[in-house]
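Me: I'm new to reading protein models and would like a close look at just one part of this one. Could you take me through it slowly and explain the terms as they come up?

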Amino acid sequence: MRNINFLNSREAKEIAKKINDQWDADFAFEDFVVKTVKDKVYIISRDLEKLEFEKYNIETVGLYFAHISDQGELRLSIEGAQVIGPIAKKNVIEIGKLLKIWMSGEDIPFKTDCTGMVIIKNGSDYLGCGKVKLKEVDVFDENGNHKEDQLFILNFVPKTRRHTRD
């Protein structure tokens, strides 16, 4: 297999620790964890251990679970958020009426005490992962405009999964 590395149990535990620290989720990998050169994390069944992957021209294998950024932050995929969301005890944000904005791929203004990467949910649906960030925005008043810091949740929904129709 090109560009794919099976992580040993220590490396998998490091990723699980990041999940537990960020979302206070009691999580441990039961299956194999695979990491690509582009720092994407996939999960595959242990039943596939017996296959000889070297014989095949395979780019990826398994369920895309997360991406590890250059800063070491773990950004869950939509499927990763659906796995971790129900067991997470912190950094889960209910977006409610902002659903359409989020699903169109836009960043959303949101006041929250959460920090770093957050899981976005609406009702019982887990929609993905975002990042709480302080951004400077233009605010218009009677004297013109000025800059003001506001909290936003940065959207990482891929363009192929964005909903743009009403």
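What follows is a look at the open sheet of five strands, with helix 1 and some side-chain pairs along the way.

Reply: Before we start, keep in mind that this is a predicted model, where local features need pLDDT of at least 70 and side-chain atom pairs count only at pLDDT 80 or more, while totals for chains, interfaces and linings use all residues. Residues are numbered from 1 along each chain as its sequence is written, and side-chain values use heavy atoms, with hydrogens and water left out.

Let's set the scene. The protein has three helices and ten strands (DSSP runs numbered from the N terminus, with at least four residues of H or I for a helix and at least two of E for a strand). Read from the N terminus, the elements go β-α-β-β-β-β-α-β-α-β-β-β-β. Out of 166 residues, 39% count as buried (buried is under 20% relative accessible area, exposed is over 50%, partly exposed is in between, using a 1.4 Å probe and protein chains only).

Now to the sheet. It is open, its five strands come in the order 1-2-3-4-5, and the pairing is antiparallel. At the edges sit strand 1 (4-6) and strand 5 (74-76), each pairing on one side only. On average, neighbouring strands here are turned by 30 degrees against each other, direction ignored (axes are lines fitted to C-alpha atoms, for helices over the stretch in contact, and angles run from 0 to 180 degrees between N-to-C directions). In general, strands of a sheet pair through backbone hydrogen bonds, either parallel or antiparallel.

For one pairing up close, go to strand 2 (residues 32-36) and strand 3 (residues 40-44). These two pair in the antiparallel sense over four bridges (two strands pair if DSSP finds at least two bridges between them). If you want a spot to click on, try Val33, which stands opposite Ile43 in strand 3.

Next, look for helix 1 (residues 9-23). This helix lies across strand 1, strand 2, strand 3, strand 4 (63-68) and strand 5, and runs at about 75 degrees to strand 5. There are contacts over long stretches of chain in this protein, too: among those between residues at least 6 apart in sequence, 55% join residues at least 24 apart (a contact is heavy atoms within 4.5 Å).

Helix 1 also holds some charged partners. The structure has four salt bridges (a side-chain nitrogen of Lys or Arg within 4 Å of a carboxyl oxygen of Asp or Glu). One of them joins Arg10 and Glu14, at 2.8 Å from N to O. Both lie in helix 1, four residues apart, about one turn of the helix. Arg10 is exposed at 51% relative accessible area, while Glu14 is partly exposed at 42%. Further along, the side chains of Asp21 and Lys17 meet in a salt bridge of 2.9 Å, N to O. They too are four residues apart in helix 1, about one turn, and Asp21 is partly exposed at 45%.

Another salt bridge reaches away from the helix: Glu73 meets Lys131 at 3.0 Å, N to O. Glu73 lies in the loop between strand 4 and strand 5, and Lys131 in strand 9 (residues 125-141), so the pair ties together parts that are 58 residues apart in sequence. Glu73 is partly exposed at 23%, and Lys131 is buried at 19%.

Last come the rings. There are five aromatic pairs (rings of Phe, Tyr and Trp, the last by its six-membered ring, with centres within 6.5 Å; planes under 30 degrees apart are stacked, over 60 edge-to-face, the rest tilted). Phe27 and Phe65 form a stacked one, 5.8 Å centre to centre with 10 degrees between the planes. Phe27 lies in the loop between helix 1 and strand 2 and Phe65 in strand 4, so this pair ties together parts 38 residues apart in sequence. Phe27 is buried at 13%, and Phe65 is buried at 0%. Tyr42 and Tyr64 make a tilted pair, at 5.5 Å centre to centre and 45 degrees between the planes. Here Tyr42 in strand 3 and Tyr64 in strand 4 are 22 residues apart, and the pair links distant parts of the chain. Tyr42 is buried at 9%, whereas Tyr64 is partly exposed at 24%. To finish, find Phe29 as well: ring pairs link Phe27, Phe29 and Phe65 into a cluster.
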